[in-house]
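User: I'm new to this structure and would love a close look at one part of it. Could you walk me through it in a friendly way?
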Amino acid sequence: MRLGGPESRNVEDRRGMGGMRRGGIAVGGLGGVALVLVCLFLGVDPSVLFTDTQDNSQVATQGAAPQANGDDPERRFVAQVLGETEQVWKAQFQRLDQPYRDPSLVLFTGATQSGCGTAQAQVGPFYCPSDQRIYIDLGFMAQLQRQLGAKGDFAAAYIIAHEVGHHVQNQLGILNLTRQLQQQATDPAEANAIQVRVELQADCFAGFWAKQANEARNILEQGDIEEGLNAAAAVGDDRLQRRAQGEVQPETFTHGTSEQRMQWFRTGLQRGELAACDTFAGLR
C-alpha cells in the first residue's frame, strides 16, 4: 500500500498499560463452534447487538496513555489507514448532508476496558457502538492472520476498514435497526442471519473505502486486492468452522461464508457506491 497521507489523531495507545491478564485460550481450543464465534476476528461485539449495555465511557477512557512516537511502524500504519478512512467517509457523509464523527481506535495489549465491557484480545478486533471505538490488540491480530493465512499489509487495512464500516453503520442508524430486528427474532438462527447481513455490509463498506481512497490518492499496489479478498475468505464462517471442528453448521453463521464475504467486499470495490452495499434487501 502507498500510505503517504496524514495520520489520524484518533489513535489511543494503551499498549503495555496492564489491565486484565491475557488468558490461555488459543484458536483451536474449546473444541467447536463456541470458540469460533468467540474468536472471530472481524466483527461487532455480539453482546452489543443482542443486549443493551450500560454507559461505560468513563471507564473506557480512564488511564489512557500518551500516543507512541512516530518511530513505531505498527502504530503509524494503523494511524495512516485510519486517516484514509476518515478522508473517504467525511467526503461521503458530506454528500449525504450529514456530519461524520471520527471513531477512535484503541491499541491495547491483552485486555482493556471498553464501553461494551472488557475488551480481550481473544475476541479479536471489534467495534463498540457505546463509546464509538475500535479495539485492536496488534499482537493477537497478527497471530490470527498468521494462523488463518490472511497475510499482507492490505489484509490488515481491510480489517481496520471493516471495523470502521461498523462505525458507519452506527452513525447511519443501521446497528440500532438491526438490533431491534434481532430482538424480535423468533429463534437464534433468524437473529444470526440478520447479523450476517450486518457483517457483509461492513465488508462491502471496506471495499467502497478502498475504491474511493485509491481513486483519490492511488493507495493500492499490485497484489493488494488479492490480499483483501484472501483476508475476507479466511474469516468466512464455513472455513473457520471446518477448521475448528471439521464440519459446518450454517444455522450458527454470524459473519457469512467465505464466498459471501469476498462477494460483498468485491461489490463495494467494483461498484464504489453505498447503494450497492444494501445487504438487507428483501429483509425490510
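Is Leu-269 buried or exposed, and what is its relative accessible area?

Analyst: Happy to help! Keep in mind that this is a predicted model. Leu-269 has a relative accessible area of 14%, and since buried means under 20%, Leu-269 is therefore buried. You will find Leu-269 in helix α11, which covers residues 258-271.

Now look at what surrounds this residue. Setting aside neighbours within four places in sequence, Leu-269 is in contact with Gly-207, Phe-208, Ala-210, Lys-211 and Ile-225. Take Phe-208 as an example: 61 residues separate Phe-208 from Leu-269 in sequence, yet their C-alpha atoms are 5.0 Å apart in space.

Phe-208 also leads us on to some aromatic rings. Ring pairs link Phe-208 into a cluster with Trp-89, Phe-93, Tyr-100 and Phe-205. Within that cluster, Trp-89 and Phe-93 both belong to helix α4 (residues 73-95), where they sit four residues apart, about one turn of the helix. Trp-89 counts as buried at 1% relative accessibility, and Phe-93 counts as buried at 0%. In the structure there are eight aromatic pairs. Trp-89 and Phe-93 make one of them, an edge-to-face pair with 6.5 Å from centre to centre and 80° between the planes.

So, starting from Leu-269, you can step through its contact with Phe-208 to the ring cluster that includes Trp-89 and Phe-93.

Notes
Residues numbered from 1 in each chain as written. Predicted model: local features only at pLDDT ≥ 70, side-chain atom pairs only at ≥ 80, totals over all residues. Heavy atoms only, no water. Helix = DSSP H or I, 4+ residues; strand = E, 2+ residues; numbered from the N terminus. Buried < 20%, exposed > 50% of the residue type's maximum accessible area, 1.4 Å probe, protein only. Contact = heavy atoms within 4.5 Å. Phe/Tyr/Trp six-rings, centres within 6.5 Å; stacked < 30°, edge-to-face > 60°.
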